[in-house]
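Please work through the following exercises with the sequence and the three-dimensional structure at hand. Each task is followed by a solution in steps.

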Amino acid sequence: MGNVQLNDKVFEIYITQPEIAKRVKLLAAQINLDYKNKLPVFIGVLNGSFRFMADLMKEINLDCSIEFIKVSSYNGGTKSTGDVLEILGLDADLKGKDVIIVEDIIDTGKTLTYLLSTLKPLQPASIKVITLLLKPDAIKTQFPEIAYIGFEISNDFVVGYGMDYKHLGRNLNDIYRWSNA
């Protein structure tokens with residue numbers, strides 16, 4: 001543990017892998033209770049959620065299906081551009097199904113606004129969101145769909161555990177922050 005350097009920035013340890021693992025187990029346990037006797041569709045938001053989604057699915061003991069969508073609003077920087085680009089779309093039929101969007105981080109909420117506006121016309125029975133990280137000081141909109149939050153964090157830029165800075169750091173097991181963001 002300690003600091004890591006990615007490209008031109010040094011990041012300090014913020015949330016350790018054991019803390020993440022403990023929280024993921026608790027979130028999964030709650031979902032297992034909430035969706036008992038249901039068949040949820042988990043939609044992972046790539047690229048950042050891949051580690052969180054994989055660990056979460058190891059703890060989900062429900063019958064479920066898994067889909068992915070790839071969107072981006074960062075384009076390699078440390079702040080959201082505000083423009084959301086869909087790179088890889090969904091091809092699943094969601095009509096009448098219980099959808100759980102799996103996010104790595106909710107920052108301004110622009111990506112989530114885009115996702116909800118894309119998914120609601122597909123007429124799912126319900127849409128809930130699980131996010132590993134939430135930045136309450138950065139979010140611009142309140143979302144009643146956010147049902148499961150791993151950690152509320154400050155408005156610092158973070159990397160690791162699936163999240164990157166200029167395409168580096170996704171493989172780090174811990175979450176690091178750059179406090180100059």
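The exercises below concern a predicted model.

**Exercise 1. Helix α1**

Task: Establish whether the length of helix α1 agrees with its number of residues, and determine where its buried residues lie around the axis.

Solution.
- Step 1. Helix α1 comprises residues 17–34, that is, 18 residues.
- Step 2. At 1.5 Å a residue, the expected span is 26 Å; the C-alpha atoms at the two ends are 26 Å apart, so expectation and model agree.
- Step 3. Taking buried to mean under 20% relative accessible area, one finds Ile20, Val24, Leu27, Ala28, Ile31 and Asn32 as the buried residues of α1.
- Step 4. These buried residues cover an arc of only 140° around the axis, and therefore they lie on the same side of α1.
- Step 5. Pro18, Lys22 and Leu33 are exposed residues on the face of α1 turned away from the buried side.

**Exercise 2. The nonpolar cores**

Task: Identify which elements supply the largest nonpolar core, and describe the surroundings of Ile31.

Solution.
- Step 1. In soluble globular proteins, nonpolar side chains tend to be buried together.
- Step 2. The largest nonpolar core has 27 residues, of which Ile31, Phe42, Leu56, Ile130, Leu133 and Ile175 touch the most other members.
- Step 3. Two or more residues of this core come from each of α1, α2 (50–59), β6 (98–106), β7 (126–134) and β8 (146–152).
- Step 4. Helix α1 gives the largest share, 5 residues.
- Step 5. Apart from neighbours within four places in sequence, Ile31 contacts Phe42, Ile60, Leu62, Ile100, Ile130 and Tyr148.
- Step 6. A second core, separate from the one above, holds 19 residues, including Ile43, Val45, Leu115 and Leu134.

**Exercise 3. Strand β6, its partners, and helix α3**

Task: Find how β6 pairs with β3 and β7, then locate the buried side of α3.

Solution.
- Step 1. Strands of a sheet pair through backbone hydrogen bonds, either parallel or antiparallel.
- Step 2. Between β3 and β6 there are 4 bridges, in the parallel sense; here Val41 stands opposite Val99 of β6.
- Step 3. Between β6 and β7 there are 8 bridges, again in the parallel sense, and Val99 has Ile127 of β7 as its bridge partner.
- Step 4. Strand β6 is mostly covered, with 9 of its 9 residues buried.
- Step 5. In helix α3 (residues 110–119), the buried residues are Thr111, Leu112, Leu115, Leu116 and Leu119.
- Step 6. Because these residues of α3 cover an arc of only 130° around the axis, they are placed on the same side of the helix.

**Exercise 4. The open antiparallel sheet**

Task: Give the strand order of the open sheet of 4 strands, and state which strands stand at its edges.

Solution.
- Step 1. The order is β1-β2-β10-β9, and the pairing is antiparallel.
- Step 2. The edge strands are β1 (4–6) and β9 (157–159); each has a single partner strand, so one side of each is without a neighbour in the sheet.
- Step 3. From one strand to the next, the twist averages 45°.
- Step 4. Strands β9 and β10 (residues 175–178) run antiparallel and are joined by 3 bridges, with Val158 paired to Arg177 in β10.

**Exercise 5. Backbone features in loops**

Task: Locate the cis peptide bond and the positive phi values, and decide whether Tyr161, Lys166 and Gly169 are buried or partly exposed.

Solution.
- Step 1. Most residues other than glycine have a negative phi, and most peptide bonds are trans.
- Step 2. The peptide bond from Leu46 to Asn47 is cis, with omega near 5°; Asn47 belongs to the loop between β3 (41–46) and α2.
- Step 3. Tyr161, in the loop between β9 and β10, has a positive phi of about 50°. With a relative accessible area of 1%, Tyr161 is buried.
- Step 4. Lys166 also lies in the loop between β9 and β10, and its phi is positive, near 50°. At 39% relative accessible area, Lys166 is partly exposed.
- Step 5. Gly169 is found in the loop between β9 and β10 and counts as buried, at 6% relative accessibility.
- Step 6. Although Gly169 and Leu6 are 163 residues apart in sequence, their C-alpha atoms are 7.0 Å apart. Not counting residues up to four places away in sequence, Gly169 touches Leu6, Gly160, Tyr161 and Met163.

How values were computed:
Residues are numbered from 1 along each chain as its sequence is written. This is a predicted model: local features need pLDDT of at least 70, side-chain atom pairs count only at pLDDT 80 or more; totals for chains, interfaces and linings use all residues. Side-chain values use heavy atoms; hydrogens and water are left out. The expected span of a helix is 1.5 Å times one less than its number of residues. Buried means under 20% relative accessible area, exposed over 50%, partly exposed in between (1.4 Å probe, protein chains only). The arc is that of the directions from the helix axis to the C-beta atoms. Two strands pair if DSSP finds at least two bridges between them. Axes are lines fitted to C-alpha atoms, for helices over the stretch in contact, and angles run from 0 to 180 degrees between N-to-C directions. A nonpolar core is a set of buried Ala, Val, Leu, Ile, Met, Phe, Trp, Tyr and Cys residues joined through side-chain atoms within 4.5 Å. Contact means heavy atoms within 4.5 Å.
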